[in-house]
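User: I would like to go through the labels attached to this model and see what each of them rests on. Please set the values against the cut-offs as we go.

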Amino acid sequence: MSIKPYIIDHLTKLVGSESLQSNVSLSEVSAWKTGGVASLMIEPDTEDRLVDVLLYLHAINLGAIVIGNTSNLLFDDRGLSVPLIKISSKLSHVLCVDDNVYAQAGIWVPGFALKMMTHCLSGVEHISGIPGTLGGLVCMNGGSLRKCIGSSIISVKSIDFFGNVFQRSASECAFAYRSSIYQKKKEIITSVRMLLSSKPRPSIRNEMLSILRARRKKFPRKSPNCGSVFKSSPTLYNKLGPPGFVIQKLGFSGCSIGGAVVSPQHANFIVNRGNATSRDIIKLVQSIHSKVLSETNFSLEAEPLFVSFDGVETPLHLVE
């Protein structure tokens, strides 16, 4: 199924031809480098244009999938029939006023951390090296070293698929370990306000370098991957350890299906060695999930979502 030409024409009028691409190879967009062809990708360069796109798609009853850096998505090998809305560097403005920071959701996370360092602002060093956009990080309440981005947030601005704009305080975002209200709401995070703290630049820089060195040693960086596949939980962590340790202990390190491989460097990463399909990755996730459940009675929850051809998003461990 392709998107009708008159729809593409109208969307072009809304956002401009430079913000719209047809027949996009998902394997070039995807962090996992898999997937078929997407009919259409839209990259709004203002929040107003994003609202215009959402209102139009709602009016014609056409759904859409929202992406940032796709570090939590696995696309169907058959492609995608509904539009992609990409929150990209076109929405990446940052403003610092004393210790208060306003940042749009499309900014690249490592770049944001570096920018905060140049402003001598501390509190987000732990996100150094995390691939993805700020909006996706906030949605997942991501971070490292058992820290979460939500602890630095004052408020979050988002837009639903009817064009309604929401401004929520941090408490209203229901931030918990690697979760937030946005994982259950059909909304697009557009900007974030944070409160950081002043600190000498050399101190921030040294901490960031230390974190980056540790990440280089611990995580696979050269092969396409989607970061940690399975979420940790306090119960699992306290009883058995982090997911990577559990998966490694069950003998999955280096295990492969097709072109998908459990990284020998970190067993909670599945890498594409160059010829993996999305189905290869799904089968490997299913195998790990099933074995961990049978051996430990813990049901690991996958962080990434599978995006089907018709735009349905399903947690990766639940895909059949």
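User: Which residues is glutamine 183 in contact with, leaving aside its neighbours within four places in sequence?

Analyst: This is a predicted model, and in it glutamine 183 is in contact with Cys139, Met140, Arg178 and Lys231 once those neighbours are left aside. Glutamine 183 is placed in the loop between β10 (165-169) and β11 (187-195). Its C-alpha atom is separated by 14 Å from that of glycine 68, a residue 115 residues apart from it along the chain.

User: Why is glutamine 183 called partly exposed?

Analyst: The relative accessible area of glutamine 183 is 31%, and partly exposed covers the range between the buried limit of under 20% and the exposed limit of over 50%, so glutamine 183 is given that label.

User: What lines the second largest pocket?

Analyst: Its lining consists of Tyr177, Arg178, Ser179, Gln183, Lys231, Ser232, Ser233, Leu236, Phe298, Ser299, Leu300 and Glu301, which divide into 4 nonpolar, 5 polar and 3 charged residues. The space in this pocket comes to about 180 Å³.

User: Why does serine 158 count as buried?

Analyst: Serine 158 has a relative accessibility of 0%, and buried requires a value under 20%, so serine 158 counts as buried. Serine 158 belongs to strand β9 (residues 153-160), and its contacts beyond the neighbours within four places in sequence are Asn164, Val165, Phe166, Arg168, Tyr182, Glu187, Ile188, Ile189 and Thr190.

User: What makes the pairing of the side chains of serine 158 and glutamate 187 a polar contact?

Analyst: The two side chains are 2.7 Å apart in this contact, and the cut-off for a pair of N or O atoms is within 3.5 Å, provided that one can donate a hydrogen and the other can accept it. A polar contact of 2.7 Å also joins the side chains of glutamate 187 and arginine 168.

User: Is glutamate 187 buried or exposed, and why?

Analyst: Glutamate 187, which is found in strand β11, has a relative accessibility of 14%; since the limit for buried is under 20%, glutamate 187 counts as buried. Not counting residues up to four places away in sequence, glutamate 187 touches Ser158, Ile159, Asp160, Phe166, Arg168 and Tyr182.

User: Why does valine 82 count as buried?

Analyst: Valine 82 has a relative accessibility of 9%, and because buried means under 20%, valine 82 falls into that class. Valine 82 lies in the loop between β4 (73-75) and β5 (84-86), and its contacts, apart from neighbours within four places in sequence, are Ile3, Leu40, Gly63, Ala64, Ile65, Phe309, Asp310 and Gly311.

User: What is the phi of aspartate 98, and why does aspartate 98 count as exposed?

Analyst: Aspartate 98 has a positive phi of about 55° although it is not a glycine. Most residues other than glycine have a negative phi. Aspartate 98 is found in the loop between β6 (94-97) and β7 (100-104), and with a relative accessibility of 67% set against the limit of over 50%, aspartate 98 therefore counts as exposed.

User: Why is alanine 174 called partly exposed?

Analyst: Alanine 174 has a relative accessibility of 43%, and since partly exposed lies in between the limits of under 20% and over 50%, alanine 174 counts as partly exposed. Alanine 174, in the loop between β10 and β11, has a positive phi of about 55° although it is not a glycine.

Definitions and conventions: Residues are numbered from 1 along each chain as its sequence is written. This is a predicted model: local features need pLDDT of at least 70, side-chain atom pairs count only at pLDDT 80 or more; totals for chains, interfaces and linings use all residues. Side-chain values use heavy atoms; hydrogens and water are left out. Helices (H or I, at least four residues) and strands (E, at least two) are DSSP runs, numbered from the N terminus. Buried means under 20% relative accessible area, exposed over 50%, partly exposed in between (1.4 Å probe, protein chains only). Contact means heavy atoms within 4.5 Å. On a 1 Å grid over the protein atoms alone, a cavity is a set of points where a 1.4 Å probe fits but cannot get out, and a pocket is an open set with protein on both sides within 12 Å along at least five of seven lines; lining residues have an atom within 4 Å of a point. Grid points are joined across faces, edges and corners, and a volume is the space filled by probe spheres set on the points. Ala, Val, Leu, Ile, Met, Phe, Trp, Tyr, Cys and Pro count as nonpolar, Asp, Glu, Lys and Arg as charged, and the others, Gly among them, as polar.
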